Amino acid sequence: MGQSTPTGGNWNTGPAPGTAPLSSGGDGTGGAVGTFFAAVLLVVTGCLAIFQGIAAIAEDDVYARLGSYVFEFDLTAWGWIHLIVGLVVVLTGVGLFLGSNVARGAGIALASLSIIVNFLWLPYQPWWSIIIIAIDVFIIWSLCTSWSHKPA
C-alpha cells in the first residue's frame, strides 16, 4: 500500500511547482537550443564588430566624418573599441559552445555593453547600429530564458 498525497495523487510524480528548469522544451532541449542560438549570434556579431573596428582603424571612406557630437572620439579610437569588444564577444561565444556558465553571464554583460557602444556609434552608422542593437537584445533574451537551474 503506497502513501498518497493530500490531493489523492502519488508521491514523486514530477518536479515540485516552481522548481522545473527554465527550458522551453518538454524534453529538456529548449535550454540547449537557446544557448546555441545565442552562441551563434555572439560569434556573428563579434566578427561583425571586428570588421567594423578594422574599417574604422583603417580610416577608410566607409564612415562619415561628423562635426560636433557629444560622445565624440577619434574614429581610430572607436575602431579599437569595436575591435576589442568584438574579440571578447567572439571568445565568449566560443565559451558558450563549450557550455560554460561563466560565458553565459559574460555573454549577457557583453551584449549589454555592445548595446551601449552601438548606441554611442549611432551617428556614424545608424542602420548598422540599430540592427546590432536588435541582435544584442535577442542574445540577452535567449541567454536569460534558456538558463536552467540545474546544479553544475
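**View 1. Leu 120 sits in helix H3.**
In this predicted model, local features need pLDDT of at least 70 and side-chain atom pairs count only at pLDDT 80 or more, while totals for chains, interfaces and linings use all residues. Residues are numbered from 1 along each chain as its sequence is written, and side-chain values use heavy atoms, with hydrogens and water left out. Helices (H or I, at least four residues) and strands (E, at least two) are DSSP runs, numbered from the N terminus. Is Leu 120 buried or exposed? Leu 120 counts as buried because its relative accessibility is 18%; the cut-offs are under 20% relative accessible area for buried, over 50% for exposed and anything in between for partly exposed (1.4 Å probe, protein chains only). Now look for Trp 78: Leu 120 is 42 residues away from Trp 78 in sequence, yet their C-alpha atoms are 9.8 Å apart in space.

**View 2. Here is helix H3 from end to end, residues 101–120.**
H3 has 20 residues, and its first and last C-alpha atoms are 29 Å apart. That is close to the 28 Å expected at 1.5 Å a residue (the expected span is 1.5 Å times one less than the number of residues). At the start of the helix, check out Ser 100: one of its side-chain oxygens comes to within 3.2 Å of the backbone nitrogen of Val 102. Which residues of H3 are buried? Going along the helix, you can tick off Ala 103, Arg 104, Gly 107, Ile 108, Leu 110, Ala 111, Ser 114, Val 117, Asn 118 and Leu 120.

**View 3. Thr 35 of helix H1 meets Arg 104.**
The two side chains make a polar contact of 2.7 Å. (A polar contact is a pair of N or O atoms within 3.5 Å; within protein, one must be able to donate a hydrogen and the other to accept it, and residues adjacent in sequence count only if both atoms are side-chain atoms.) Thr 35 has a relative accessible area of 11%, so it is buried. Arg 104, its polar partner, is on the buried list of H3 too. Which residues does Thr 35 touch, leaving aside its neighbours within four places in sequence? They are Leu 96, Arg 104, Ser 142 and Ser 146, where contact means heavy atoms within 4.5 Å.

**View 4. Thr 45 also belongs to helix H1.**
With 7% relative accessibility, Thr 45 counts as buried. Not counting residues up to four places away in sequence, Thr 45 touches Val 89, Ile 132, Ile 135, Asp 136 and Ile 139. Keep Ile 132, Asp 136 and Ile 139 in mind, as they turn up again among the buried residues of H4.

**View 5. Helix H4 covers residues 126–145.**
H4 has 20 residues and stretches 29 Å from first C-alpha to last, close to the 28 Å expected at 1.5 Å a residue. Its buried residues are Ser 129, Ile 132, Ile 133, Asp 136, Ile 139, Ser 142 and Leu 143. One of them, Ser 142, is a contact of Thr 35.

**View 6. Tyr 124 lies in the loop between H3 and H4.**
Tyr 124 is buried because its relative accessible area is 9%. How far apart in space are Tyr 124 and Leu 75? C-alpha to C-alpha, the answer is 9.4 Å, although the two are 49 residues apart in sequence.

**View 7. Helix H2 runs over residues 75–97.**
The 23 residues of H2 should span 33 Å at 1.5 Å a residue, and the end C-alpha atoms are 33 Å apart, so the two values agree. Just after the helix, Gly 99 takes a positive phi of about 90°. Leu 87 is in H2, and it counts as partly exposed because its relative accessibility is 44%. The C-alpha atoms of Leu 87 and Ile 50 are 6.6 Å apart, with their positions 37 residues apart in sequence.

**View 8. Zoom back out and you get four helices and zero strands.**
Starting from the N terminus, the elements of the protein chain run α-α-α-α. The chain has 152 residues, and 35% of them count as buried. Of the contacts with a separation of 6 or more, 70% come from residues 24 or more positions apart. You have already met a contact between Thr 35 and Ser 146, and another between Thr 45 and Ile 139.
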